[in-house]
Amino acid sequence: MTEFSKYVYAMGRGPSKGRNLTREEASAAMTQILSGSVAPEAVGALLMLMRYRGETPREIAGFIDAMRMRMSDWSDLNVDLDWPSYAAGRTRGLPWFLLAAKIVGMAGFPVMLHGWNSHQNSIADVASAVNVLNIPVCNTPQDAKAALYASSVIYCPLAGLDSDVLKLLKLRDVLGLRSAVNTALRGLNPSGAKSSVQGVFHPSYRDLQAHSAELLGQGSMVVIKGGGGEFECNPSKDTQVFKMYNNIQSDFTVPAVLNETMRLSDASDSPSDLVGLWNGDVENRFAEQSILTTAAIALHACDTNFEMARSREIAETLWAERTPIHQNL
């Protein structure tokens, strides 16, 4: 039995004898996977066994431990809020949440967006949208440090953080299913930001993400069932917020602010509306309320002294004070 196969053996022995991995085992397994020393068949077997048995907070924390070790150069950035973006699916619409991140940055909380998105239609492409919105794209820690001097929001593609992790994430195309890698990346927080926001598609993952954050010592984090799996609110629906602060888990509901029923993907199909709405050239009440609600919850995550009413007030004030985006020609 190889060093790695013992992890597959532990999980795959059957209903009565099989077990989940410890945090230490999960970390060791991910370290070996990312080193390139594990046969692809064994990697697929482990990831699918984890999916079948159900991911645990200890396994997710172990995976993150191993990934962070490889990304240690990113850990000393001046970032207040970690904002992962790893949603996949063709139901995604325009990434309005990017405008919410800009509001948080305006409030004085530097934001690090990071991610990679797949299986989406073209209008949902985050990588294209950040360029349109003049959000700096940073592929190295040096790029990120320089950009944070001039901008309060940056975007770091997963390919720049760790191309081997990206290859592992892309196994979804081979296996046909998401894996625990997707879960781990939402809690990755490579900069070590004190606060984190996460969006999930399946509500059952909210507890998993919260307890993983607790094991990792994440100071403050909130997770919601967001649009298509992103941290993005639908203003016509109540938003259930799961919060972890100082190792205490709580939850509360942010009520809907609109009566109309609409999906986020139906708000607009024109990428130019992202800049148009920010610049005041386009009116879209549904998208605007999505941005303000999302920003308010993110502000609450950044500073828990802000009650939700106060966070909403700050978001609305900053939205009214925003300055137009001038396109780089």
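**A first chat about this predicted model**

Me: Hi! How many helices and strands does the protein have?
Reply: The secondary structure comes to 15 helices and 7 strands. Both are DSSP runs numbered from the N terminus: helices are H or I with at least four residues, strands are E with at least two.

Me: Anything to know before I look closer?
Reply: This is a predicted model, where local features need pLDDT of at least 70 and side-chain atom pairs count only at pLDDT 80 or more, while totals for chains, interfaces and linings use all residues. Residues are numbered from 1 along each chain as its sequence is written, and side-chain values use heavy atoms, with hydrogens and water left out.

Me: Sure. What is the radius of gyration of the protein?
Reply: The protein has 20 Å, which agrees with the value near 20 Å for a compact globule of 329 residues. The radius is taken over C-alpha atoms, and the globule rule is 2.2 Å times the number of residues to the power 0.38. Along the principal axes, the C-alpha atoms fill a box of roughly 65 × 40 × 35 Å.

Me: What share of the residues is buried?
Reply: Buried residues make up 56% of the 329. Buried means under 20% relative accessible area, exposed over 50%, and partly exposed in between (1.4 Å probe, protein chains only).

Me: Let's zoom in. Is β1 mostly covered or uncovered?
Reply: Strand β1, residues 81-85, is mostly covered, with 5 of its 5 residues buried. On one side L81, W83 and S85 are buried, and on the other D82 and P84 are buried too.

Me: Which strands does β1 pair with?
Reply: Strand β2 (residues 111-115) runs parallel to β1, and 5 bridges join them. Strand β4 (residues 195-200) also pairs with β1 in the parallel sense, over 2 bridges. Two strands pair if DSSP finds at least two bridges between them.

Me: And what stands opposite L81?
Reply: In β2, V111 stands opposite L81. In β4, the bridge partner of L81 is S195.

Me: Switching to helices: why is α5 called largely enclosed?
Reply: Helix α5 (residues 97-106) has 9 of its 10 residues buried, so the rest of the structure largely encloses it. Among the buried ones are F97, L98 and K102. Just after α5, G108 takes a positive phi of about 100°.

Me: What about the largest nonpolar core, how many residues does it have?
Reply: That core has 56 residues, and F4, M30, L46, M67 and L185 have the most contacts inside it. Its largest share, 6 residues, comes from helix α4 (residues 57-70). A second, separate core of 54 residues includes F97, L98, L133 and F231. A nonpolar core is a set of buried Ala, Val, Leu, Ile, Met, Phe, Trp, Tyr and Cys residues joined through side-chain atoms within 4.5 Å.

Me: Which residues does M30 touch?
Reply: Leaving out residues up to four places away in sequence, M30 touches F63, A66, M67, L168 and V181. A contact means heavy atoms within 4.5 Å.

Me: Last one: how many disulfides are there?
Reply: A search of the whole structure finds 0 disulfides, a disulfide being a pair of cysteine sulfur atoms within 2.5 Å.

Me: Why is there no bond from C156 to C138?
Reply: The closest cysteine sulfur to that of C156 is in C138, 4.9 Å away, which is too far for a bond. C156 is buried, with a relative accessible area of 0%. For C302, the closest cysteine sulfur is in C233, 14 Å away and also too far for a bond.
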